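Let's take a walk through this one together, starting with the overall build of a chain and working down to its sheets and the contact between chains. Keep the structure open beside the text as you read.

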Amino acid sequence: MSIANATLDTFPKRVRANAERWPRRVAIREKDLGIWQSYTWRDYLDRSRRIALGLASLGFARGDKTAIVGDNRPELYWAMLATQSLGGVPVPLYQDSIEKELAYIVDHAEARFAIAEDQEQVDKLLHVRAQVPRLEYIVYKDPRGLRAYSEPGLLSLAELEERGEKFALGHPTYVEDEVARGQGEDTAVICYTSGTTGTPKGAMLSYRNLIAMAGIATEREGLRPDDEALAYLPMAWVGDHMLSYAQAIVAGFAINCPESAATVLHDLKEIGPTYFFAPPRIWENLLTNVMIRVEDAAWPKRKLTHAFLTLAQDLERRRLNGQPLPLLPRLLAPLGALLVYGPLRDNLGLRRIRIAYTAGEALGPEIFVFFRALGINVKQLYGMTEASVFVAVQKDGDVRLDTVGTPMPDVEITISEAGEVLFRSPGVFQGYFKNPEATRQTVEGGWIHSGDAGFLDGAGHLKIIDRAKDLGRLADGTMFAPKYLENKLKFSPYVKEAVTLGPGRPYVTALVNIDLSAVGNWAERRGIAYTSYTDLSQKPEVYELIQQEVVRVNRSLLEDEVLRGAQIRKFLILHKELDPDDEEITRTRKVRRGYVAQKYAALIDALYGDRDRVAVEAQVTYEDGRTGTIRADVAIRDVASR
Amino acid sequence: MTIGTDPLLEVEGVSVRFGALLALNGVSLTIPRGEIAAIIGPNGAGKTTLLNCISGFYHPHEGHIRFAGQDRTHLRPPQVAALGIARTFQNVALFRGMSVLDNIMTGRVLKMRGSFLLDAAWWGPARRQELEHRAAVERIIDFLEIQAVRKTSAGRLPYGLQKRVELARALAAEPQLLLLDEPMAGMNVEEKEDMCRFILDVNGEFGTTIALIEHDMGVVMDISDHVVVLDYGRKIADGTPEHVRKDQAVLDAYLGVAHD
């Protein structure tokens, strides 16, 4: 089957074709009860058909929406296909959403059906249904804790499939007939973007959008049916939808669902994927884990590892900059591969990687070089939900440190007069669901306004500087790129999150979130006692530690001609972690700058005053919606005066 | 599940003496099948002594203990365990150097049969048996959500998780009666909430009857069907949480009254 095939214009048709072509080839694995269970393409088709019959028995009509909530589970991917088989539209939701967010989307998307993983999600959905009566049926996969529930319209997946079996007796070809009615231009999915500002918007992607971009990316990147991927990112994120669903179906490779969110890094090691997609957050976590363990090792090992890592990073940096490689390090590299890089790669579960992407936010260059130096083919991907993910990707063998690569085939990129990146492609979405106003603001004459400031360099590589609206200048006109600085700070294993401030101000300042596991480990090794996150964050020793990191960033900034003036003058360590439940960062962990600036206005004022300490209170929201207050006395550190 | 009709455990006039100290003084109580019963009382009231009598560590000097209708006042701990009573301890008692998986596997020991030679050869019925036990253990690991620490040695886990592993090991024996000695001692609020949920789930999913000692009154009032209050070795109250909460003798014992 060729990747571009005009008759296979929907996912249900493609899965049927896959099942005929590869009935025994594994499509999905899931670690359940400690064992990797395999499901073939034949199972994929059969199970989704059973679910579709069950939904049909409940009166599912073409155009109905199904909310899908839970961790990555085969059943939930099948539920997505089942919905599409009946001409409906799946709406995957973030599983850690609080009730309010869930209610907004379920209501806005007009979902009549919801398929959830377990009791946690069912409880939330039942509350949502009390406010959003359009939601009629809630189906759950895991019956644990739900046996005593007797709400109407609440049923288990097993009960749903049983109903489907009875329905099939009277309508033996119902699903097949509905699948045949589907067309490429139909909406395949609505992905709600978490939105760094305002309420979520539902991007409608058609089958044509997704299949075209999945096919283009598969061909350019050389994905194969024998590839293995880990399905661990939220199903609501378009990146997972593209990789674990669209590309897996189009290219025919297998996806692997981890046992639980807590076991991802372990399961990664067991699977050893060949194709891996991770936002910067995960790469940062992996790096932090490695560095903690290196620091804990006996000193000969530690010294050896550091020496070889430095050597490899130096080589890789030269390679990425197109500089000649010195002889001695090149000769030492194979030894490093044997002693350090190979074992580390194996330990991380990244030994078999052929293609890995980082996307979402920009990944700090140091982190990027670190993984590439280990021999892992990490590449920058530049994409958007509204583009069916792919806009630009670094080509194998043409990876550079400071660009996001060249445009994908069939994608056109141009830069507006204001310096904003615009593009058009077969992946350009159908618009935001029930929001023509927002659609008009985003798409103009077929061109999508990315909201990013950037330019195309001489070799056709796209370079993104920052969000168009975040790029700013200090009071004296010095250019200031907040994200660039923040990524440099976040390279430190001790820094989990950072927010820098500067536009219109006399100098640059930073709010820093420490990484509890790394700093906690560091403190334990030094015998520093602490009682809580807040307590640890305000230890003078921890301030000293973070100050070293700030000084390091300032020093490296001197190398950049445009940005060298924007040194960090003062910083403080926040007394609580930025948390999506408090709306300080999005579920995909992008900092909501405006909100943070408003919430911590008192702290920010102090950074630009001459006090060295400030008392704060912060509201925190728990997952069940209750709120509480954290009080603390936050210290302010002036880097310049020391 | 019907509660209150079928007594699983009956304690009748049990007294225990340590030298001159009367640790339990004629205590009687009944725990019906399928119930969550809490045993509370100030320090030194005899709660743990009572649990130790039920699980066969101590033998009462007077009185009787009946389990599932049969008198078993004088059984030893292994015999009690074989009957279907499992327990956790006030201080965590795991094999610290062993993995979580192996620790839970030890809870299956009473269910294992077969010959040493077959086991050593890992052949035939021995192999099948081990796989069955492993599957049972994996269901418990899944149930208590400790997949991420399956291969970690128990001693390296934080305290709250060790408590959960201990519960897992007790569950591995598929008990009819589960005795929990202060399952939430030393836990933070979130860990306590998790533990409460697990205890309720164990009771709801497996129908296991549970007797627990606990100091956190909020927890006790929330999850138990029935509360027994001990003070100085005597039972001073016995009833529903609402009933016990209002009982004057209980208030006195907890808030303190002048003893003449």
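Of the 642 residues in chain A, 48% are buried. Keep in mind that this is a predicted model. The contacts tell us something about the fold too: among those in chain A with a separation of 6 or more, 66% are between residues 24 or more positions apart. How does the overall size fit in? A compact globule with 642 residues would have a radius of gyration near 26 Å, and chain A comes in at 25 Å, which agrees. If you lay the C-alpha trace of chain A along its principal axes, the spans are about 80 × 55 × 55 Å.

Now for the parts. Chain A holds 21 helices and 29 strands, and the chain is split into three pieces: domain 1 takes 11–18 + 29–224, domain 2 takes 397–463, and domain 3 takes 472–638. Going by C-alpha atoms, the centres of domain 2 and domain 3 of chain A are 31 Å apart.

Start with the sheet built from E4-E3-E5-E6-E7 of chain A, in that order; it is open, has five strands and pairs in parallel. At its edges stand strand E4 (89–93) and strand E7 (154–156) of chain A, and each has a single partner strand, so one side of each is left without a neighbour in the sheet. Step from strand to neighbouring strand and you'll find an average turn of 25 degrees, direction ignored. Zoom in on the E7 end: strand E6 (residues 137–140) of chain A runs parallel to E7(A), joined to it by three bridges. To see one of the pairings, pick A:Val139, whose bridge partner in E7(A) is A:Leu155. There's a helix on this sheet as well: helix H3 (residues 74–85) of chain A packs on it, touching strand E3 (65–69), E4 and strand E5 (111–116) of chain A. The direction of H3 makes about 175 degrees with that of E3(A).

Next, jump along the chain to another sheet. This one is also open with five strands, ordered E25-E26-E27-E29-E28 in chain A, but its pairing is mixed. Which strands sit at the edges here? They are strand E25 (495–501) and strand E28 (613–621) of chain A, each pairing on one side only. Neighbouring strands in this sheet are turned against each other by 30 degrees on average, again with direction ignored. At the E25 end, E25(A) pairs with strand E26 (residues 508–514) of chain A in the antiparallel sense, over six bridges. A handy place to look is A:Leu501, which has A:Thr509 in E26(A) as its bridge partner.

Two helices are worth finding on this second sheet. Helix H16 (residues 482–490) of chain A lies across E25, E26 and strand E27 (568–573), and runs at about 155 degrees to E25(A). Helix H19 (residues 540–557) of chain A lies across E25, E26, E27 and strand E29 (627–638), running at about 150 degrees to E27(A).

Finally, swing round to where the chains meet. Here twelve residues of chain B are in contact with ten residues of chain A. On the chain B side, helix H5 (125–143) and helix H7 (189–206) are the elements that give two or more residues, and H5(B) gives the most, with five. Sorted by class, that side of chain B has seven charged, three nonpolar and two polar residues.

How values were computed:
Residues numbered from 1 in each chain as written. Chains lettered and ligands numbered in written order. Predicted model: local features only at pLDDT ≥ 70, side-chain atom pairs only at ≥ 80, totals over all residues. Domains from an automatic or database assignment. Contact = placed C-beta atoms within 7 Å. Helix = DSSP H or I, 4+ residues; strand = E, 2+ residues; numbered from the N terminus. Nonpolar A, V, L, I, M, F, W, Y, C, P; charged D, E, K, R; others polar. Rg over C-alpha atoms; globule rule 2.2 N^0.38 Å. Buried ≥ 20, exposed ≤ 12 C-beta atoms within 10 Å, placed from the backbone. Pairing = 2+ DSSP bridges. Axes fitted to C-alpha atoms, helices over the stretch in contact; angles between N-to-C directions.
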